[in-house]
Amino acid sequence: MNWLPEAMRILHAELPNMQVTIASQYSPDLADALIRGKLDVAFMRPEAQAPDVVFKLVTKEPLVVILPSDHRLAAHQAIDPHDLVGETFISVSKTAPVLRVVIDDYLKRLSLDIKPDHEVDNLAMAMSLVASTRGVALLPAYARNFLPWSVISRPIKGDAPTIDLVIGYNRANTSPTLKLFLSRLDELIARVSQKVGRG
(Lines give C-alpha, C1' and ligand atoms only; values in the text may rest on other atoms or scores of the structure.)
Protein backbone atom coordinates (compact mmCIF):
# COMPACT_ATOMS: atom_id res chain seq x y z
CA MET A 1 0.00 0.00 0.00
CA ASN A 2 2.85 2.41 0.76
CA TRP A 3 4.96 1.46 -2.23
CA LEU A 4 2.69 2.21 -5.18
CA PRO A 5 2.39 6.02 -4.81
CA GLU A 6 6.14 6.37 -4.34
CA ALA A 7 6.89 4.07 -7.28
CA MET A 8 4.63 6.21 -9.47
CA ARG A 9 6.34 9.35 -8.19
CA ILE A 10 9.83 8.20 -9.19
CA LEU A 11 8.55 7.19 -12.64
CA HIS A 12 6.43 10.33 -13.07
CA ALA A 13 8.42 11.79 -15.98
CA GLU A 14 8.17 8.53 -17.90
CA LEU A 15 4.48 7.77 -17.22
CA PRO A 16 3.24 9.17 -20.57
CA ASN A 17 5.58 6.75 -22.36
CA MET A 18 4.68 3.56 -20.54
CA GLN A 19 1.81 1.27 -19.75
CA VAL A 20 1.24 0.84 -16.03
CA THR A 21 -0.64 -2.26 -14.94
CA ILE A 22 -1.71 -2.58 -11.33
CA ALA A 23 -2.72 -6.10 -10.44
CA SER A 24 -3.01 -8.08 -7.26
CA GLN A 25 -1.73 -11.57 -8.02
CA TYR A 26 -0.05 -14.40 -6.21
CA SER A 27 3.76 -14.22 -6.26
CA PRO A 28 4.12 -17.44 -8.34
CA ASP A 29 1.87 -15.87 -11.00
CA LEU A 30 3.85 -12.62 -10.92
CA ALA A 31 7.11 -14.56 -11.34
CA ASP A 32 5.61 -16.35 -14.35
CA ALA A 33 4.54 -13.02 -15.90
CA LEU A 34 8.05 -11.63 -15.40
CA ILE A 35 9.60 -14.69 -17.04
CA ARG A 36 7.23 -14.46 -20.02
CA GLY A 37 7.92 -10.72 -20.44
CA LYS A 38 4.37 -9.68 -19.57
CA LEU A 39 5.63 -7.44 -16.72
CA ASP A 40 8.83 -5.44 -16.29
CA VAL A 41 8.80 -5.33 -12.49
CA ALA A 42 6.64 -6.60 -9.64
CA PHE A 43 6.44 -6.15 -5.88
CA MET A 44 6.23 -9.71 -4.61
CA ARG A 45 7.61 -12.45 -2.38
CA PRO A 46 10.80 -14.21 -3.56
CA GLU A 47 9.90 -17.40 -5.41
CA ALA A 48 12.29 -20.35 -5.40
CA GLN A 49 10.98 -21.68 -8.73
CA ALA A 50 11.91 -18.59 -10.78
CA PRO A 51 15.59 -18.93 -11.77
CA ASP A 52 15.45 -16.17 -14.42
CA VAL A 53 13.98 -13.63 -12.03
CA VAL A 54 16.22 -11.32 -10.00
CA PHE A 55 14.92 -10.35 -6.56
CA LYS A 56 15.99 -7.20 -4.74
CA LEU A 57 14.98 -6.83 -1.11
CA VAL A 58 12.74 -3.85 -0.41
CA THR A 59 11.82 -4.56 3.21
CA LYS A 60 11.28 -7.29 5.77
CA GLU A 61 7.65 -7.16 6.81
CA PRO A 62 6.69 -8.48 10.25
CA LEU A 63 3.84 -10.93 10.66
CA VAL A 64 1.00 -9.94 13.00
CA VAL A 65 -1.81 -11.85 14.66
CA ILE A 66 -5.21 -11.33 13.04
CA LEU A 67 -8.18 -12.11 15.32
CA PRO A 68 -11.81 -11.15 16.00
CA SER A 69 -12.13 -7.73 17.66
CA ASP A 70 -13.96 -9.27 20.62
CA HIS A 71 -11.62 -12.27 21.02
CA ARG A 72 -10.23 -12.88 24.52
CA LEU A 73 -6.69 -12.08 23.27
CA ALA A 74 -7.77 -8.78 21.71
CA ALA A 75 -7.31 -7.01 25.06
CA HIS A 76 -3.54 -7.60 24.85
CA GLN A 77 -1.31 -4.92 23.29
CA ALA A 78 0.85 -7.71 21.85
CA ILE A 79 0.19 -11.44 21.74
CA ASP A 80 2.48 -14.14 23.07
CA PRO A 81 2.60 -16.83 20.37
CA HIS A 82 2.18 -19.52 23.04
CA ASP A 83 -1.31 -18.12 23.68
CA LEU A 84 -2.30 -19.23 20.15
CA VAL A 85 -2.09 -22.91 21.10
CA GLY A 86 -5.61 -24.34 21.26
CA GLU A 87 -7.12 -21.58 19.13
CA THR A 88 -8.72 -22.27 15.76
CA PHE A 89 -5.76 -21.57 13.48
CA ILE A 90 -6.14 -20.28 9.95
CA SER A 91 -3.10 -20.52 7.70
CA VAL A 92 -2.40 -19.75 4.06
CA SER A 93 -2.65 -22.34 1.33
CA LYS A 94 -0.09 -23.29 -1.31
CA THR A 95 -1.08 -20.17 -3.26
CA ALA A 96 1.34 -18.30 -0.94
CA PRO A 97 4.17 -20.82 -0.58
CA VAL A 98 6.77 -18.40 0.81
CA LEU A 99 4.41 -17.12 3.52
CA ARG A 100 3.38 -20.66 4.41
CA VAL A 101 7.02 -21.66 4.94
CA VAL A 102 7.65 -18.58 7.13
CA ILE A 103 4.63 -19.39 9.31
CA ASP A 104 5.38 -23.13 9.56
CA ASP A 105 9.07 -22.53 10.35
CA TYR A 106 8.17 -19.97 13.03
CA LEU A 107 5.77 -22.34 14.79
CA LYS A 108 8.30 -25.16 14.56
CA ARG A 109 11.13 -22.94 15.90
CA LEU A 110 9.02 -22.18 18.98
CA SER A 111 7.98 -25.85 19.32
CA LEU A 112 4.32 -24.82 19.16
CA ASP A 113 1.90 -27.63 18.41
CA ILE A 114 -0.33 -25.62 16.08
CA LYS A 115 -1.77 -27.18 12.95
CA PRO A 116 -4.02 -25.29 10.54
CA ASP A 117 -7.73 -25.91 11.01
CA HIS A 118 -8.40 -24.01 7.77
CA GLU A 119 -6.32 -22.79 4.83
CA VAL A 120 -7.06 -19.66 2.83
CA ASP A 121 -6.13 -18.49 -0.66
CA ASN A 122 -6.34 -14.73 -0.12
CA LEU A 123 -6.80 -11.93 2.41
CA ALA A 124 -10.57 -11.62 1.95
CA MET A 125 -10.95 -15.32 2.69
CA ALA A 126 -8.67 -14.98 5.75
CA MET A 127 -10.71 -12.09 7.17
CA SER A 128 -13.96 -13.94 6.56
CA LEU A 129 -12.75 -17.12 8.27
CA VAL A 130 -11.24 -15.26 11.22
CA ALA A 131 -14.59 -13.54 11.77
CA SER A 132 -16.81 -16.56 11.18
CA THR A 133 -14.77 -19.23 13.01
CA ARG A 134 -13.48 -16.87 15.72
CA GLY A 135 -10.05 -18.13 14.79
CA VAL A 136 -6.64 -16.51 14.55
CA ALA A 137 -4.16 -16.12 11.71
CA LEU A 138 -0.60 -14.92 11.20
CA LEU A 139 -0.38 -12.55 8.23
CA PRO A 140 2.00 -9.87 6.94
CA ALA A 141 1.49 -6.47 8.55
CA TYR A 142 0.10 -4.97 5.32
CA ALA A 143 -3.08 -7.02 5.95
CA ARG A 144 -4.00 -4.37 8.55
CA ASN A 145 -4.98 -2.12 5.64
CA PHE A 146 -7.86 -4.46 4.78
CA LEU A 147 -9.38 -5.29 8.16
CA PRO A 148 -13.15 -5.02 8.54
CA TRP A 149 -14.49 -3.64 11.84
CA SER A 150 -14.97 -7.15 13.23
CA VAL A 151 -11.30 -8.13 12.88
CA ILE A 152 -8.19 -6.56 14.44
CA SER A 153 -4.45 -7.10 14.41
CA ARG A 154 -1.94 -7.29 17.23
CA PRO A 155 1.85 -7.49 17.07
CA ILE A 156 3.53 -10.70 18.14
CA LYS A 157 5.50 -10.56 21.40
CA GLY A 158 9.17 -11.32 21.13
CA ASP A 159 11.04 -11.97 17.93
CA ALA A 160 8.24 -11.79 15.37
CA PRO A 161 8.72 -13.64 12.10
CA THR A 162 9.22 -11.53 8.98
CA ILE A 163 8.64 -12.08 5.30
CA ASP A 164 10.65 -10.44 2.56
CA LEU A 165 9.00 -7.99 0.20
CA VAL A 166 11.10 -7.79 -2.95
CA ILE A 167 10.93 -6.34 -6.38
CA GLY A 168 11.33 -8.95 -9.05
CA TYR A 169 12.40 -8.54 -12.66
CA ASN A 170 13.64 -10.74 -15.48
CA ARG A 171 17.43 -10.55 -15.74
CA ALA A 172 17.15 -10.54 -19.56
CA ASN A 173 14.81 -7.52 -19.61
CA THR A 174 16.48 -4.47 -21.20
CA SER A 175 13.54 -2.10 -20.83
CA PRO A 176 14.59 1.55 -20.30
CA THR A 177 11.73 1.92 -17.83
CA LEU A 178 13.06 -1.00 -15.77
CA LYS A 179 16.55 0.53 -15.84
CA LEU A 180 15.13 3.86 -14.62
CA PHE A 181 13.15 2.12 -11.88
CA LEU A 182 16.19 0.15 -10.70
CA SER A 183 18.35 3.29 -10.72
CA ARG A 184 15.88 4.95 -8.33
CA LEU A 185 15.16 1.91 -6.15
CA ASP A 186 17.32 3.05 -3.21
CA GLU A 187 15.47 6.39 -3.23
CA LEU A 188 12.12 4.57 -3.26
CA ILE A 189 13.10 2.39 -0.31
CA ALA A 190 14.37 5.37 1.68
CA ARG A 191 11.24 7.48 1.02
CA VAL A 192 8.81 4.73 1.99
CA SER A 193 10.84 3.70 5.05
CA GLN A 194 10.82 7.32 6.19
CA LYS A 195 7.02 7.56 5.78
CA VAL A 196 6.43 4.25 7.58
CA GLY A 197 8.74 5.36 10.40
CA ARG A 198 6.70 8.56 10.84
CA GLY A 199 3.38 6.67 10.59
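Tutor: Let's fix one term before we start: a residue is buried under 20% relative accessible area, exposed over 50%, and partly exposed in between. Keep in mind that we're looking at a predicted model.

Student: Okay, what makes Asp164 count as partly exposed?

Tutor: Its relative accessibility is 24%. Partly exposed runs between 20% and 50%, so 24% puts Asp164 in that class.

Student: And how do you know that Asp164 and Lys60 meet in a salt bridge?

Tutor: The cut-off is a Lys or Arg side-chain nitrogen within 4 Å of a carboxyl oxygen of Asp or Glu. For Asp164 and Lys60, N to O is 2.8 Å, so the pair qualifies. Asp164 sits in strand S7 and Lys60 in strand S2, so the contact ties together parts 104 residues apart in sequence. Lys60 is also partly exposed, at 48%.

Student: S2 and S7, then. How do you know that these two strands pair?

Tutor: Pairing takes at least two bridges between the strands. S2 (residues 53–68) and S7 (residues 162–170) have nine, in the antiparallel sense, so they pass. One of those contacts puts Phe55 with its bridge partner Gly168 in S7.

Student: What other strands does S2 pair with, and what makes them count?

Tutor: Strand S5 (residues 136–140) is one of them: S2 shares four antiparallel bridges with it, and Leu63 has Pro140 as its bridge partner there. Strand S6 (residues 151–155) is another, antiparallel to S2 over five bridges, with Val65 standing opposite Arg154. Four and five are each set against a minimum of two, so both count as pairs.

Student: Back to charges. How many salt bridges turn up in the whole structure?

Tutor: Ten.

Student: What makes Arg100 and Asp104 a salt bridge?

Tutor: Their closest N and O atoms are 3.1 Å apart, and the limit is 4 Å, so they make the cut. Both residues are in helix H3 (residues 97–109), four residues apart, which means about one helical turn separates them.

Student: Is Arg100 buried or exposed, and how do you know?

Tutor: Buried: its relative accessibility is 17%, and buried means under 20%. Asp104, at 33%, falls in the partly exposed class instead.

Student: What makes Arg100 and Glu119 a salt bridge as well?

Tutor: Here N to O is 3.0 Å, again within 4 Å, so the pair counts. Arg100 belongs to helix H3 and Glu119 to strand S4 (residues 118–120), so this bridge ties together parts 19 residues apart. Glu119 is partly exposed at 41%.

Student: Which residues form one network here, and what joins them?

Tutor: Arg100, Asp104 and Glu119, joined by salt bridges that share partners.

Student: Now helix H1. Which of its residues are buried, and how do you know that they line one face?

Tutor: In H1 (residues 3–10) the buried ones are Trp3, Glu6, Ala7 and Ile10. Looking down the axis of H1, these residues fall within an arc of 105°, so they line one face of the helix.

Student: How many aromatic pairs are there?

Tutor: Two. Phe43 and Phe181 make up one of them, with 6.3 Å between centres and 85° between planes. That pair links distant parts of the chain, with Phe43 in strand S1 (residues 42–44) and Phe181 in helix H5 (residues 176–183), 138 residues apart. Phe181 is buried at 2%, whereas Phe43, at 28%, is partly exposed.

Student: Then why is the pair of Tyr142 and Phe146 called edge-to-face?

Tutor: Rings pair when their centres lie within 6.5 Å, and planes over 60 degrees apart make them edge-to-face. Tyr142 and Phe146 are 6.2 Å centre to centre, with 85° between the planes, so they meet both conditions. Tyr142 is partly exposed at 33%, and so is Phe146 at 41%.

Student: Last one: what makes Val20 fit for a nonpolar surface patch?

Tutor: Patch members need over 30% relative accessible area, and Val20 has 38%, so it clears that bar. Val20 lies in the loop between H1 and helix H2 (27–35). Together with Leu4 and Ile22 it forms a patch with about 260 Å² of accessible area.

Conventions. Residues are numbered from 1 along each chain as its sequence is written. This is a predicted model: local features need pLDDT of at least 70, side-chain atom pairs count only at pLDDT 80 or more; totals for chains, interfaces and linings use all residues. Side-chain values use heavy atoms; hydrogens and water are left out. Buried means under 20% relative accessible area, exposed over 50%, partly exposed in between (1.4 Å probe, protein chains only). The arc is that of the directions from the helix axis to the C-beta atoms. Rings of Phe, Tyr and Trp (its six-membered ring) pair if their centres lie within 6.5 Å; planes under 30 degrees apart count as stacked, over 60 as edge-to-face and the rest as tilted. Patches are made of residues with over 30% relative accessible area and no salt bridge: like charges are joined within 9 Å, nonpolar side chains (Val, Leu, Ile, Met, Phe, Trp, Tyr) within 5 Å. Accessible areas come from the Shrake-Rupley method with a 1.4 Å probe; for residues, only the protein chains shown count as cover.
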